[in-house]
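I opened this entry to look up three things: the ligand site, one helix and the domains. My notes follow the order in which I checked them.

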Amino acid sequence: MAIEFSDKIRRLPVYPTAGGYALDGFAMLASNEAPFGPMPGVVEAATEAVVHANRYPDPSNLRLRRALAARYDFDPSRIAIGAGSCDILLSAAEALLEPGAEVVYSWPSFSVYPQMAAAAGARAIVVPLDDEQRHDLDAMLAEITAATRLVLVCNPNNPTGTALPLERITEFVTRVPKHVCVIVDEAYCEFSTLEDPDASIDLARRFPNVVLLRTFSKVYGLAGLRVGYALCGDQRFRVAVEQVRQPFFCNAVGQAAAEAALLRQDELTRRIEETIANRLELEEGLRELGLEVAESHANFIWHSLGDGDEQEILEGLRERRVLIRSGRALGREGWARTTIGTATDNRRFLDALGELLG
Ligand SMILES: *Cc1c(COP(=O)(O)O)cnc(C)c1O
């Protein structure tokens, strides 16, 4: 006899993780990480935290919440911290969803969203992106019923990189019933040229049902330490997601590193500018290869692979020590998602892809 698992284990999809972490010398363009190391001062702050590793981390994440509150001029009691923002997403699923409840999201979008419904036994209502591969907010609105508890809007969207202007999101939120939680996943908002990343904060100030989800994993370059945060329209959201988690969900090193990283907004701006410059170059390179490119407002590009076979191209890239993300795994066969790396990585990728496409 083998041990028996819960029904949830049969329901849960397997998250399409990237490989390559055990390899050396690869251009790692599959996971939207920053190609930069931690910002100045971050390693020192993290090291100092390690010295006190005999103590549990602060379960209230107070210092980090205060630092975020100061950065955004936002009520610290309405800031939730997570072991990465995925931790907050999965906790939100647990806190908001249950059998009989519905969650509405777009597709292709972030691979964690399908997990949320499955984990909670709720119904996923999946709305296709529009012709420009952007969220179709009217279609999403039309799917909201009495059973809807949660709507997820990924802006800019992963994996397409497309974004909607704040004006559209605001209008959407105005029309969503007040008892339905709207999580706007802004993991990539810093890379958008549509909007100042501080502009959307107002949504969480004005609408108690809105949660803005952000992370230290992308632009801040701390993916390995797992820290994310949410700016919540209502303090009760923070309390609920804390209620469903273990008390020490965010480790001390991550908290200290995130707090130090926040102080370096100058370096942040420099990195954003460099990423956007590299994005333009990469987009141009892909277009020169005759490929279709979605309009990116993120640190990655969603592009077609021409007439080539997706699997063969990905395998060919791998042989040339370049890893990108397969579109098939993300919801659109024949396309791929490529992270903006260093100028050298991007060149290596374009050269390899050029060779493979002949
Ligand atoms: C990367 C990403 C996140 C952040 O994940 P972390 O758990 O904070 O590392 C959240 N949402 C989207 C859409 C992402 O792509």
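I first fixed a term: a polar contact is a pair of N or O atoms within 3.5 Å. I also noted that this is a predicted model.

Entry 1, the ligand. I looked up which residues come nearest to the ligand. Of the 13 residues around the ligand, they are Ser85, Tyr188, Thr215, Ser217 and Lys218. I then went through the polar contacts. At serine 85, a backbone N or O atom lies 2.6 Å from a ligand oxygen atom. At cysteine 86, a polar backbone atom is 3.0 Å from an oxygen atom of the ligand. Lysine 218 uses its side chain instead: an N or O atom there is 3.2 Å from a ligand oxygen atom. I noted that the ligand taken alone exposes 390 Å², and that the protein buries 94% of that.

Entry 2, helix α11. I checked the length of this helix, residues 265-288. Its 24 residues should span 34 Å at 1.5 Å a residue, and the end C-alpha atoms are 35 Å apart, so the two values agree. Next I listed buried residues of α11, among them Leu268, Arg271, Ile272, Thr275 and Ile276. An α-helix has 3.6 residues a turn, so residues three or four places apart point the same way. The cover over the buried residues of α11 includes β9 (300-304), β12 (335-339) and α14 (343-357). Just after α11, I found glycine 290 with a positive phi of about 85°.

Entry 3, the domains. I recorded domain 1 as 7-38 + 265-357 and domain 2 as 42-261. Their centres, taken over C-alpha atoms, are separated by 23 Å. The contact takes 32 residues from domain 1 and 35 residues from domain 2.

Note on methods. Residues numbered from 1 in each chain as written. Predicted model: local features only at pLDDT ≥ 70, side-chain atom pairs only at ≥ 80, totals over all residues. Heavy atoms only, no water. Helix = DSSP H or I, 4+ residues; strand = E, 2+ residues; numbered from the N terminus. Expected span 1.5 Å × (residues − 1). Buried < 20%, exposed > 50% of the residue type's maximum accessible area, 1.4 Å probe, protein only. Contact = heavy atoms within 4.5 Å. Near = heavy atom within 4 Å. Polar contact = N/O pair within 3.5 Å; in protein donor to acceptor, adjacent residues only side chain to side chain. Areas by Shrake-Rupley, 256 points an atom, 1.4 Å probe, with all protein chains shown as cover. Domains from an automatic or database assignment.
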